[in-house]
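Work through the exercises below with the sequence and the model side by side. Try each task before reading its solution.

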Amino acid sequence: MKLLVAVLMLAAPVAAPAAEPIGYRLSITAADPQPAVTVTLTMRGDADGITDLDLPNTWAGSDTLWRNIGGWRVTGGTIVDTDKPEVKRVRHKPGALLTIRYRVTDPDPLPPGADFHKALPWIERDWVTLHGEGVIVIPTGGENRPARFRWGAAPKGWRVASDLDTPPPTLTANQVAQGIFTGGRELRLVERRVGSTPLRFALLGQWGFTDDQLVDHTRKVIETENAMLGAPAIPFLVTLTPLIQSKPTSLSYGGTGRTAGFALTGTPNMPFRNLPRLLGHEYAHRWFNSSGSDEANSYWLTEGFNDWFSAQAMLRTGDWDAARWAQQFNAVLKRHATSSALALTPQQRFERFWTDDAAQQFPYDEGQLTATILDAQLRAAGKPGLLPIIAEINRSGGLGDRPRAEAAIERALPGGLVRVAAMLTREGLATLPADLLPCGTMRVDGGVPQFILAPGPCTALAGPPPAP
């Protein structure tokens, strides 16, 4: 009997051990004139004794990001260069446990201004703000390997925060490389609740609005958009970093959305009146998100449909009335109708996305106009509109898959996308019908469309605000 059991045990398949998580630790230490930022990876090396590391390279219009990391130290192996500057190689015993440390540097001695590059590490005397795409190294082919993140040391008196402080159930190396990291001597940490779920804020700088104004309005926008998609609240982080205002008239503000947080930046004169729409757009990236080398090809959906969705949210929160919705819609119409990118092919717009302002703006406006017209046509066909379709796409796997989203729209409104695409060409814009949208009339003057809002309420623009 013992022999039989032994034979059966030998014949049974042996389960492969679970992949060990890659440990990431980010430390900030006091130094003069700027703090020193160090990232430490703890990981198991590859079985063949060679582990390649992909360094930050190209993101958000910046390239050669690998220049901003160095000072390599490896325990358990030896690091060498390869013929690609964005790839390092570690030689080690097969499957060795490796500890890899590298230093992150800020290539610009001045604080970021209105012409900032968000991919660069911002390391200032009293604060730091980092996007993972500019600082996190991933083993080649290891984007989906499980990972852990924790903070290391920080200067005395500093506070730190990351959207990875409350990680998702299955954190990957790629998600660490999309993390938001901030810290500072005067960082203000504020927490609210959306239901029973924490909503955290990490705020730097002084603004023309109070922390409570920002925090409370963000919570209202989040609750509204969650209700629009029937989505539960998740642990979420909002960061705010100041930009230098080089001239009294300098104005710049924007954000970077993530699935569990977003990072805001702005000059001190950032107007609060325009902030709710920015909050709505960046929070909506919880759902409208994409990745990959051709990410800009999905911006028609992840940015343009997001703009439509967040405009709907503004009507529901009461931040916009119908007149302000029409005003912003007309601004989008004019910008699209006069865009030099209309003369470019889709491939040319993609190739010029980070170097041509018109090409960069084009998918935002094209997507928002497409969503607006589709929503009106669906309602005219007796259907509830575009929002239920977006909610269903999200429930079935997320809003970053353009082909799947287009297929869902085609099922709901056969031929709708083709018809709208024809309307948004230079020739099509000149012939838009007067009754294109409800609650008003479309007028075309010199090829530039304008929507004239009719007096009185318009229930077709958006549903009622969520119940308190």
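A disulfide is a pair of cysteine sulfur atoms within 2.5 Å. The model is predicted: local features need pLDDT of at least 70, side-chain atom pairs count only at pLDDT 80 or more, and totals for chains, interfaces and linings use all residues. Residues are numbered from 1 along each chain as its sequence is written, and side-chain values use heavy atoms, with hydrogens and water left out.

**Exercise 1. The disulfide**

Task: Find which cysteines form a disulfide, and state how far apart their sulfur atoms are.

Solution.
Step 1. Count. The structure holds one disulfide.
Step 2. Identify the pair. Cys-439 and Cys-458 are bonded, with 1.7 Å between their sulfur atoms. The two cysteines sit in distant parts of the chain, 19 residues apart: Cys-439 in the loop between helix 12 (426-429) and strand 19 (440-445), Cys-458 in the segment after strand 20 (448-453). Helices (H or I, at least four residues) and strands (E, at least two) are DSSP runs, numbered from the N terminus.
Step 3. Read the handedness. The angle about the S-S bond is 80 degrees, and the link of Cys-439 and Cys-458 is right-handed.
Step 4. Classify the accessibility. Buried means under 20% relative accessible area, exposed over 50%, partly exposed in between (1.4 Å probe, protein chains only). Cys-458 has 15% relative accessibility, so Cys-458 is buried. Cys-439 has a relative accessible area of 25%, so Cys-439 is partly exposed.
Step 5. Look along the loop. Pro-433 also lies between helix 12 and strand 19. At 35% relative accessible area, Pro-433 is partly exposed.

**Exercise 2. Helix 4 and the loop after it**

Task: Is His-285 buried or exposed? Which residues does His-285 touch?

Solution.
Step 1. Place the residue. His-285 is in the loop between helix 4 (275-284) and helix 5 (299-317).
Step 2. Check the accessibility. The relative accessibility of His-285 is 7%, so His-285 is buried.
Step 3. Look for a polar partner. The side chains of His-285 and His-281 make a polar contact of 3.2 Å. A polar contact is a pair of N or O atoms within 3.5 Å; within protein, one must be able to donate a hydrogen and the other to accept it, and residues adjacent in sequence count only if both atoms are side-chain atoms.
Step 4. List the neighbours. Contact means heavy atoms within 4.5 Å. Leaving out residues up to four places away in sequence, His-285 touches Gly-257, Arg-258, Thr-259, Thr-302, Glu-303 and Asn-306.
Step 5. Turn to the helix. Ten of the ten residues of helix 4 are buried. Among them are Arg-277, His-281 and Glu-282.
Step 6. Take a distance. From Leu-279 to Pro-433 the C-alpha separation is 33 Å, with their positions 154 residues apart in sequence.

**Exercise 3. The sheet around strand 3**

Task: What is the strand order of the open sheet that contains strand 3?

Solution.
Step 1. Fix the criterion. Two strands pair if DSSP finds at least two bridges between them.
Step 2. Read the order. The four strands run 5-6-3-10, with antiparallel pairing. Strand 5 (77-81) and strand 10 are the edges, each pairing on one side only.
Step 3. Walk across. Strand 5 meets strand 6 through five bridges, with Thr-78 opposite Arg-91 as one bridge pair. Strand 6 (residues 87-92) also shares five bridges with strand 3 (residues 50-54). There, Leu-53 faces Lys-88.
Step 4. Finish at the edge. Strand 3 joins strand 10 (residues 138-139) by two bridges, and Asp-54 has Ile-138 as its bridge partner.

**Exercise 4. Thr-182 and a second sheet**

Task: Where does Thr-182 lie, and which backbone oxygen does its side chain reach?

Solution.
Step 1. Locate the residue. Thr-182 belongs to strand 13 (residues 180-184).
Step 2. Place the strand. Strand 13 is part of an open four-stranded sheet of order 8-9-13-12, paired antiparallel. Its edges are strand 8 (122-123) and strand 12 (159-162).
Step 3. Check one pairing. Strand 8 and strand 9 (residues 127-131) are linked by two bridges. Ile-123 is opposite Val-128.
Step 4. Check burial. Thr-182 has 1% relative accessibility, so Thr-182 is buried.
Step 5. Find the polar contacts. The Thr-182 side chain reaches the backbone oxygen of Val-128 at 3.2 Å. Thr-182 also contacts the side chain of Thr-129 through its own, at 3.3 Å.
Step 6. Add the other neighbours. Thr-182 touches residues including Trp-151, Arg-159, Leu-204 and Thr-239.
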